[in-house]
Each structure stands twice: as structure tokens, then as C-alpha cells.
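Biologist: I would like a close look at a single part of this model, namely the run of paired strands towards the end of the chain. Could you take me through that part strand by strand and keep to what the model shows?

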Amino acid sequence: MAAAPTPVSYGETHAPVSYGETPAPASYGGTPAPEPYVGETPARSGGKGKKILLICLAALLLAGAVVGVLFLTGVLGGNKDYDRAMEPYKSGQFEEAATVFDQLGDYKDSAEMANSCRYQQAKNAYSQENYDQALQLFQGLGSYKDSTDWVEKCQDKLFNPVGTYLLTGLKIDGEDYSDYISLVGYENYTIIFNAAGTGSLAGGGSNIRFTWDRNVIDDGSDQIPYTYENDTIRFETEGVEMTFTRGTAPVSTPSPSPSTSPSTGNAAPGGTYWLSGLKIDGEDYSGYLAQLGYDKYSIVFNSDGSGTLNTDDGNVKFTWDASVIDDGTDRIPYTCIGNSVSFETEGVEMTFTREVNGPEGRYTGSYANGEVFSVVTFSSDGTFIEEFEGEHWYGTWVMEGNDITCTYDDGSHDYYVWNPSDDTLDWKGEGRVTYRK
């Protein structure tokens with residue numbers, strides 16, 4: 001834009017410029033006519049024009065800068081980018097949407113929307129069992145909504161192995177036997193991690209008690225590193241690598257509780273039991289079972305982890321593990337000591353006693369040459385005492401079929417086969433030893 005022309009200065013009144021020679025009018029009365037004035041055209045003011053030009057240019061530059069800032073801050077043009085971010089948000093593409101919302105800075109609620117995107121992304125990762133990614137995202141959200149609660153859930157999944165696991169993978173000396181677990185006799189191997197930091201490895205007729213922390217199993221003689229990820233436990237010992245997967249598999253021979261002699265504990269409850277004790281709301285009715293119609297109540301624990309409670313009102317099916325009976329609606333803790341199973345539900349406490357057609361009594365074992373090996377006394381309460389070279393060992397015993405598993409207080413085991421025809425025991429250790437009453 002050109003500067004506007006500077007107006008002519010009217011400080012002095014000038015006569016009109018004369019263009020050509022106009023004859024002076026005749027003089028009447030002797031007064032001479034004024035001389036014609038020949039002047040110059042007034043000059044325009046050049047200095048003031050330049051100043052106005054500079055002011056206008058500066059204003060235009062300032063306006064352009066303001067518009068640029070508005071675009072950068074999203075005041076102008078932000079709606080378009082905000083809408084662009086909402087498209088992937090609505091379609092569940094939260095990571096992409098969060099990136100665009102981050103670029104919008106403080107425009108509208110972009111910061112809140114970015115957090116919402118990452119929150120939804122973290123929950124999706126958790127539902128897909130990608131707990132590492134979920135934990136990282138929830139931790140990055142700080143106190144947003146209930147992110148701190150989700151952090152604890154992720155950490156439980158990643159670092160807390162409490163539960164019962166069934167053997168699903170097996171390698172022996174590097175060779176994979178996972179498809180042949182049942183063929184090699186490992187199908188009932190189960191490992192339990194208790195919340196108190198204790199646990200047990202059961203299977204193959206043996207039980208190993210241990211303590212655990214975040215990455216080590218300690219059975220009292222060895223400390224075995226293990227890994228826990230996505231409900232899977234893995235460890236290796238003496239060339240055998242085992243993989244256990246969390247589940248509700250039955251424990252065929254759960255570990256007894258630590259005890260002093262004589263031994264007590266949570267022994268394996270396989271077998272049939274008859275009701276022998278009854279308390280209702282704390283009052284003992286054990287002496288009146290027949291009168292109350294409770295004398296025919298029985299409970300059966302099958303070796304496959306199933307069971308039945310038989311009553312005069314019908315039968316209740318359930319599954320069981322080392323410490324809980326689950327009938328599909330309730331999980332009822334139980335205690336098994338020797339040949340006795342006890343539990344309480346809805347104010348009724350029941351005690352059942354195992355049907356035992358087995359080796360209660362005192363047995364003396366000897367080699368084929370007659371040399372005495374040891375003496376074992378089996379009690380009907382499921383405990384035993386072994387005498388050997390003047391020393392005594394205590395433990396609990398369990399019989400499934402004719403197979404007897406003895407668990408000593410130190411966690412070690414011994415195995416026998418009962419022969420009901422002649423009431424003898426065959427020891428399944430090294431050397432041939434027969435026990436006779």
C-alpha cells in the first residue's frame with residue numbers, strides 16, 4: 001500500500017496559480033490591478049509517509065505471528081486434529097489416538113484423552129495376559145482412576161505364584177517327554193504354592209515340602225531357582241525340567257503339615273469315610289448319630305480328584321485338592337489327619353473316619369536270610385512308629401488300594417504293599433524285606 005499523499009499546508013493563503021497570462025481587468029477609478037502571482041506547487045511530505053509504511057508492515061508481521069501461535073497451540077486448526085485423534089479412539093486404536101492427543105498439548109481435554117487412551121490400552125493388554133506391558137502402562141498413569149489397583153493386579157500375575165499347578169511339560173536330560181507324561185507315570189504330579197510361603201510337590205507316591213520366595217524353592221537340602229510367568233511354573237533339578245500350569249488338578253498325595261512326634265498332618269484323603277462325629281452350632285451330637293439318622297452318612301474321595309458326600313437327602317458331587325472341597329457353589333476347607341476327615345459348613349461340623357481294611361498293628365521286617373531289618377507299628381489314626389537300631393521315627397501313613405505310603409516327619413517317604421491274604425507287607429525299598437505281624 002502506498003502512503004497517502006500529505007495534504008497541502010495551508011499555513012499561508014496563496015493566490016491561485018496563474019497558467020498563462022490573463023489580461024488584467026481594466027482599472028476603474030484609478031486603483032491599480034494586483035500583479036498576477038506565479039507560485040510553485042507545494043511539495044508532499046516524504047518523511048511522514050515512510051513512517052506510516054513501517055507501522056503498517058509491523059502490524060502485518062505481528063498479526064501473522066499471532067495467527068501462527070494460535071495454530072501451534074491449537075486455537076486455530078485444533079478442531080481438525082482433535083477430530084483426527086477421535087477417529088482411532090472410537091475404533092479402539094488407543095496407542096495411535098494417544099500419540100495425536102499428545103501433540104495437541106493443552107487443546108480442550110487432549111491431556112485427559114491421552115490418559116484415557118493409555119488406560120484402555122493397559123486394560124486390553126491385561127485381558128490379553130500381556131501383564132508386562134499392562135504393568136508398564138498402568139505405572140505410567142500414576143494415580144489416574146484406579147491405575148494403582150491395576151498395578152497390584154499385574155504384579156500378582158507376574159510375581160505371585162500362589163495356587164495349585166498340574167504338570168504339563170517334562171524334559172529329562174534335554175529330551176522332551178511332554179507328550180508322554182502319563183506313560184512315564186508323571187500324570188498326577190502337582191505343585192502347590194501356599195500364601196504363607198510354604199508349598200509341596202506331590203506325585204509318583206512322594207511328597208516334598210518346601211518354602212519359597214519370589215524365585216527360589218527351598219526343600220531344606222537344595223535351593224532350586226524357578227521362573228513364574230502367566231500362570232506357569234518352571235524349574236530344573238538333577239537333569240529333569242518340569243513345567244507346571246495353574247489349575248484345579250487333584251493332589252493325589254498332598255504333603256502333611258509340619259508336626260512333632262507323634263505325627264499329625266493333612267494326609268491324602270483317598271478312600272471311603274463314615275460319619276463318626278457331629279456338632280451342630282457347637283453342641284456335640286456324636287453319640288446320637290443313629291437316632292438323628294446321620295449314621296449312614298459317608299464321604300468318598302476318589303484318586304482322580306472327584307468325590308461324593310452321601311446323605312439321606314441325596315448325593316453331593318464335588319472336586320477336591322489338598323485342602324478344599326468344591327461342590328460348585330462353595331469351597332469348604334477340610335482337614336485330614338490319619339484316617340479322619342473333618343470340615344464345617346453352615347454351623348454343622350462333621351468328622352468322618354476312613355474305612356480301613358489294612359495293616360493296623362505291629363510288623364517285624366526281615367531279609368530273606370532272617371536278619372531283622374526294622375519294626376513298624378501302624379495305628380488306626382493314620383500314624384506310625386518305626387523302630388530301627390534303637391532309634392524311633394514317626395510319621396503318617398496312607399493306603400490306596402494295597403499300596404501304603406509312609407511320610408516321615410522330616411518329609412522323606414517309604415513305600416509298602418500290603419498282602420491281605422497273609423497280612424504281610426512287602427517293602428518297596430532296596431533289597432527284599434518282608435514284614436510279618
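Modeller: A good place to enter is Val398, whose bridge partner in strand E23 is Thr405. The model is a predicted one, and what follows should be read with that in mind. The pair belongs to a wider match between strand E22, residues 391-400, and E23, which run antiparallel and are joined by six bridges. The hairpin made by E22 and E23 has two residues between the strands, and in that hairpin Gly401 takes a positive phi near 70°.

E23 itself covers residues 403-408, and on its other pairing it meets strand E24, residues 413-419, in the antiparallel sense over five bridges. Thr405 appears again here, because the strand that holds it is paired both with E22 and with E24: its bridge partner in E24 is Tyr415. Cys406, in turn, stands opposite Asp414 in E24. The hairpin of E23 and E24 has four residues between the strands, and there Gly411 is the residue with a positive phi, near 95°.

How enclosed is E23 by the rest of the structure? Five of its six residues are buried, where buried means under 20% relative accessible area, and so the strand is largely enclosed by the rest of the structure.

From E24 the pairing passes on to strand E25, residues 424-427, again in the antiparallel sense, this time over four bridges. Within that pairing, Trp418 stands opposite Leu425 in E25. Read in order, then, E22 is joined to E23, E23 pairs with E24, and E24 pairs with E25.

For comparison, a helix elsewhere in the chain can be read in a similar way. Helix H3, residues 94-103, has as its buried residues Phe94, Ala97, Ala98, Val100 and Phe101. They cover an arc of only 165° around the axis, which puts them on the same side of H3. The face of H3 turned away from that buried side carries the exposed residues Glu95 and Gln103, and the helix is followed by Gly105, whose phi is positive, near 60°.

Note on methods. Residues numbered from 1 in each chain as written. Predicted model: local features only at pLDDT ≥ 70, side-chain atom pairs only at ≥ 80, totals over all residues. Heavy atoms only, no water. Buried < 20%, exposed > 50% of the residue type's maximum accessible area, 1.4 Å probe, protein only. Arc of directions from axis to C-beta. Pairing = 2+ DSSP bridges.
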